[in-house]
Amino acid sequence: MVENEAAQLDAVFHALSDATRRAMLHTLSTGERSIGELAAPFSMSLAGASKHVKVLEGAGLVRREIRGRTHLCRLDAARLAEAQAWLRYYERFWTSRLDALDALLRAEDEEMENSK
């Protein structure tokens, strides 16, 4: 993995490590929202919500557009797809390991049944 790609992936996982930011992303998955709308469920200030949005923006997960005094945010899911691709590799790794364990346990069970 190229160093820049690794830094981007690190930023995505850092952004996803916070429950508030994950909830904001979930909200944005249904459509564009203002910073105020993103802040409302958490009873946080606009400045606090804006800090979370900046982390999401830095990770490439959110795009912000300023219309007058309103900052509107929308989900940009491309980076999530990159993170999912990275996770998919480990899913295949663990699936193969668990399949091997399952085969081993079944063989042991069969061996025990045959030795009775």
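**Figure 1. Helix 1 meets helix 5 in this predicted model.** Here we zoom in on helix 1, which covers residues 3–16, and helix 5, which covers residues 78–114. Their axes are 10 Å apart, and the two helices pack at an angle of about 100 degrees. Angles from 65 to 115 degrees count as roughly perpendicular, so helix 1 and helix 5 are roughly perpendicular to each other. If you want to find the meeting place, look for Gln8, Leu9, Val12, Phe13 and Leu16 on the helix 1 side. Across from them, helix 5 brings in Arg79, Leu80, Glu82, Ala83, Trp86 and Leu87. Sorted by class, this contact between helix 1 and helix 5 has eight nonpolar residues, one polar residue and two charged ones.

**Figure 2. The buried side of helix 2.** Helix 2 runs over residues 19–28. Which of its residues are buried? They are Thr20, Arg21, Met24, Leu25 and Leu28. These residues cover an arc of only 140 degrees around the axis, which puts them on the same side of helix 2. And what covers them? The cover includes helix 1, helix 3 (35–39) and helix 4 (46–58), along with strand 1 (33–34), strand 2 (62–67) and strand 3 (70–75). While you're here, take a look at the start of helix 2: a side-chain oxygen of Asp18 reaches to within 2.9 Å of the backbone nitrogen of Thr20.

**Figure 3. Helix 2 crosses helix 4.** The axes of these two helices come within 10 Å and cross at roughly 75 degrees. That makes helix 2 and helix 4 roughly perpendicular to each other. From helix 2, the contact uses Thr20, Arg21, Met24 and Leu25. Helix 4 answers with Ala49, His52, Val53, Val55 and Leu56. By class, six residues in the contact of helix 2 with helix 4 are nonpolar, two are polar and one is charged.

**Figure 4. Ser50 and Glu57, two residues of helix 4.** Start with Ser50, which sits in helix 4. Is Ser50 buried or exposed? Its relative accessible area is 15%, so Ser50 is buried. Setting aside neighbours within four places in sequence, Ser50 is in contact with Ile35 and Arg64. Now move to Glu57, also placed in helix 4. With a relative accessible area of 25%, Glu57 is partly exposed. If you don't count residues up to four places away in sequence, Glu57 touches Val62 and Arg64. The side chains of Glu57 and Arg64 are joined by a polar contact of 2.9 Å. There's also a link to make with Ala11: Glu57 and Ala11 are 46 residues apart in sequence, yet 9.7 Å apart in space, C-alpha to C-alpha.

**Figure 5. Ser43 and its positive phi.** You'll find Ser43 in the loop between helix 3 and helix 4. What is its phi? It's about 50 degrees, a positive value, although Ser43 is not a glycine. Most residues other than glycine have a negative phi. Ser43 is also exposed, with a relative accessible area of 72%.

**Figure 6. Gly31, in the loop between helix 2 and strand 1.** Gly31 has a relative accessible area of 23%, so it counts as partly exposed. How far is Gly31 from Leu75? In sequence they are 44 residues apart, while in space their C-alpha atoms are 7.7 Å apart.

**Figure 7. Ala23 in helix 2 and Leu101 in helix 5.** Ala23 is partly exposed, with a relative accessible area of 27%. Its C-alpha atom is separated by 16 Å from that of Leu46, and the two residues are 23 residues apart along the chain. Over in helix 5, Leu101 has 43% relative accessibility and so counts as partly exposed. Try tracing from Leu101 to Val62: the two residues are 39 residues apart in sequence and 41 Å apart in space, C-alpha to C-alpha.

Definitions and conventions. Residues are numbered from 1 along each chain as its sequence is written. This is a predicted model: local features need pLDDT of at least 70, side-chain atom pairs count only at pLDDT 80 or more; totals for chains, interfaces and linings use all residues. Side-chain values use heavy atoms; hydrogens and water are left out. Axes are lines fitted to C-alpha atoms, for helices over the stretch in contact, and angles run from 0 to 180 degrees between N-to-C directions. Helices (H or I, at least four residues) and strands (E, at least two) are DSSP runs, numbered from the N terminus. Angles under 35 degrees count as roughly parallel, over 145 as roughly antiparallel, 65 to 115 as roughly perpendicular and the rest as oblique. Contact means heavy atoms within 4.5 Å. Ala, Val, Leu, Ile, Met, Phe, Trp, Tyr, Cys and Pro count as nonpolar, Asp, Glu, Lys and Arg as charged, and the others, Gly among them, as polar. Buried means under 20% relative accessible area, exposed over 50%, partly exposed in between (1.4 Å probe, protein chains only). The arc is that of the directions from the helix axis to the C-beta atoms. A polar contact is a pair of N or O atoms within 3.5 Å; within protein, one must be able to donate a hydrogen and the other to accept it, and residues adjacent in sequence count only if both atoms are side-chain atoms.
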